[in-house]
Amino acid sequence: TMPRLSDTMEEGTVVVWHKNVGDKVAEGDILAEIETDKAVQEFESEFDGVLLFQGAKVNEPAPVDTILAIIGEEGTDVSGIVANGGKTSTASKSKPEETEDDEKPVVVELDVNNNSKSEETNGRIFASPLAKTIAKDKGINLAEVKGSGDNGRIIKKDIENYQPTQAKAETKTESKPAQTFVSGEDKVIPNSQMRKVIAKRLAESKFTAPHYYLNVELDMDNAIEARKQLNTVPNTKVSFNDIVVKAVAMALRQHPAVNSTWTDKEIIQHGDINIGVAVAVEDGLLVPVVKNTDQKSFNQISAEVRDYAGRARDRKLKADEMEKSTFSVSNLGMFGIESFTSIINQPNSCILSVGAIVQKPVVKDGQIVVGNTMKLSLACDHRTVDGATGAQFLQTLKMFIENPVTMLV
């Protein structure tokens with residue numbers, strides 16, 4: 001049946017079937033790629049047999065728990081199973097003389113398979129885990145490698161036999177012509193599962209949580225110098241966003257009311273501090289979660305965020321990597337946005353919007369000098385976080401970011 005891969009998933013969409021009705025299927029074979037509300041994931045069979053029925057059509061949403069695929073012995077009549085929504089009690093049999101156990105087909109609930117296949121589908125590249133590891137070690141771009149495995153899957157020998165000059169020559173000869181659009185012509189883009197869930201959840205948040213916003217401007221001179229010092233340490237690459245994420249976690253530990261969730265019966269103040277970091281992807285927004293952020297170093301946060309961001313853009317995040325956030329951070333500073341407000345990512349009570357660092361005249365010790373400033377906007381759910389509580393949290397956060405050394409004490 002169509003599995004529920006996240007707590008918010010209500011339906012899934014098959015992007016591509018890798019097996020057709022009548023094809024033999026072995027345990028471990030990739031059957032399909034399914035788009036959930038958060039990612040596209042590959043699914044493998046747990047059984048040997050023949051694919052007898054595909055319950056979901058490509059690019060058509062199918063509700064969770066409806067039949068996704070049926071695998072059994074060749075020739076088995078599955079019409080009764082399909083008519084009963086997956087129940088096998090009234091299934092007819094093509095070979096009555098054989099035992100029921102021999103003839104009963106299996107309604108397959110597919111499991112996540114993190115190994116990728118090789119054929120390029122919707123711009124995604126598939127390769128075996130070993131091939132990926134070798135390619136990473138050798139600095140080879142998988143997009144330039146032609147796979148020789150099943151359905152074009154990139155395997156170990158493809159990486160070992162890779163010739164950069166040949167790949168570049170082939171790329172030039174096979175380049176596609178630029179896409180053209182007719183002036184005045186409308187372009188219809190079907191809503192993806194991700195876009196529909198984003199629309200639903202943000203609308204629920206905006207219209208059910210009474211938002212209010214607090215704004216503060218920070219002096220970033222010390223933070224700039226501290227980042228330079230941190231990045232002199234070998235194998236360290238800390239961004240300003242990493243500093244903000246760490247500071248948020250430290251401030252939440254001092255202001256537990258902000259690290260909370262509203263329910264109709266109670267307010268839950270979370271013991272763990274898990275920061276969700278918003279990442280823009282091609283058709284929406286994903287929020288991978290850094291678990292126990294307050295207990296991690298700048299370097300650990302940096303490595304984790306970079307890993308999540310890279311896999312988010314490739315739609316390779318696992319469902320549990322995007323769950324259990326207690327606070328969210330959204331940063332548009334890299335786009336030159338100086339100030340903005342965000343919609344709360346429920347069930348969080350707050351989300352922090354981070355703007356760009358701007359160089360401008362500031363007053364220090366009664367003198368006008370050139371300084372570096374950054375604006376933060378905190379969106380709060382007034383049901384859990386009162387104005388004074390939010391303001392006190394921002395004061396603590398401001399202190400940590402303006403003086404990063406205090407986070408090391």
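## The cavity

V277, V279, P288, V289, V290, V305, Y308 and A309 line the largest cavity in this protein. Two elements each give two or more residues to that lining, namely β16 (289-290) and α9. Helix α9 supplies the largest share, with three residues.

How much space lies in the largest cavity? About 30 Å³. The count of cavities of 30 Å³ or more comes to one. As for how such a void is found, rolling a probe the size of a water molecule over the atoms shows where empty space is left.

## The overall picture

Keep in mind that this is a predicted model. The protein has ten helices and 19 strands. Of its 409 residues, 44% are buried. About 21900 Å² is exposed, and carbon and sulfur atoms supply 50% of that area.

Sequence separation is worth a look too. Take the contacts between residues at least 6 apart in sequence: 61% of these join residues at least 24 apart.

## Salt bridges across the chain

How many salt bridges does a search of the whole structure find? The total is 13. One of them brings together the side chains of E11 and K196, at 3.2 Å from N to O. This pair links distant parts of the chain, with E11 in strand β1 (residues 11-17) and K196 in helix α6 (residues 193-208), 185 residues apart. Both ends show some surface: E11 is partly exposed at 26% relative accessible area, and K196 is partly exposed at 32%.

Another salt bridge runs between D29 and K19, where the closest N and O atoms are 3.5 Å apart. D29 sits in the loop between β2 (24-25) and β3 (30-35), while K19 sits in the loop between β1 and β2, so the pair ties together parts that are ten residues apart in sequence. Are the two partners buried or exposed? D29 is partly exposed, with a relative accessible area of 23%. K19 has a relative accessible area of 18%, and it counts as buried because the cut-off for that label is under 20%.

## D381, R383 and a shared network

D381 and R383 also form a salt bridge, and here the closest N and O atoms are 2.8 Å apart. D381 is buried, with 2% relative accessibility. Its partner R383 is partly exposed, with a relative accessible area of 28%.

Elsewhere, salt bridges that share partners come into play. Which residues do they join into one network? They are D219, D221 and K364.

## The loop between β17 and β18

Now for the loop that follows β17. M334 is found in the loop between β17 (327-331) and β18 (350-364). With a relative accessible area of 57%, M334 is exposed. M334 also belongs to a nonpolar patch on the surface, formed together with F335 and I337. The three residues of this patch have about 330 Å² of accessible area together.

P347 has its place in the loop between β17 and β18 as well. The peptide bond leading into P347 from Q346 is cis, with omega near 15°. That is one to check when you go through the backbone.

## Positive phi angles

Two residues other than glycine deserve a mention for their backbone. The first to look at is N235, where phi is positive, near 60°. N235 is found in the loop between α7 (221-230) and α8 (240-254). Is N235 buried or exposed? Its relative accessibility is 76%, so N235 counts as exposed.

Then there is K324, a residue other than glycine with a positive phi near 70°. K324 lies in the loop between α9 (298-313) and β17. The relative accessibility of K324 is 66%, so this residue counts as exposed. The loop holding K324 thus starts from α9, the helix that gives three residues to the lining of the largest cavity, and leads to β17.

Notes
Residues numbered from 1 in each chain as written. Predicted model: local features only at pLDDT ≥ 70, side-chain atom pairs only at ≥ 80, totals over all residues. Heavy atoms only, no water. Patch = residues over 30% accessible without salt bridge, like charges linked within 9 Å, V, L, I, M, F, W, Y side chains within 5 Å. Areas by Shrake-Rupley, 256 points an atom, 1.4 Å probe, with all protein chains shown as cover. Salt bridge = Lys/Arg side-chain N within 4 Å of Asp/Glu carboxyl O. Helix = DSSP H or I, 4+ residues; strand = E, 2+ residues; numbered from the N terminus. Buried < 20%, exposed > 50% of the residue type's maximum accessible area, 1.4 Å probe, protein only. Contact = heavy atoms within 4.5 Å. 1 Å grid on protein atoms, 1.4 Å probe; cavity = no way out; pocket = protein on both sides within 12 Å on 5 of 7 lines; lining within 4 Å. Points joined across faces, edges and corners; volume = space filled by probe spheres on them.
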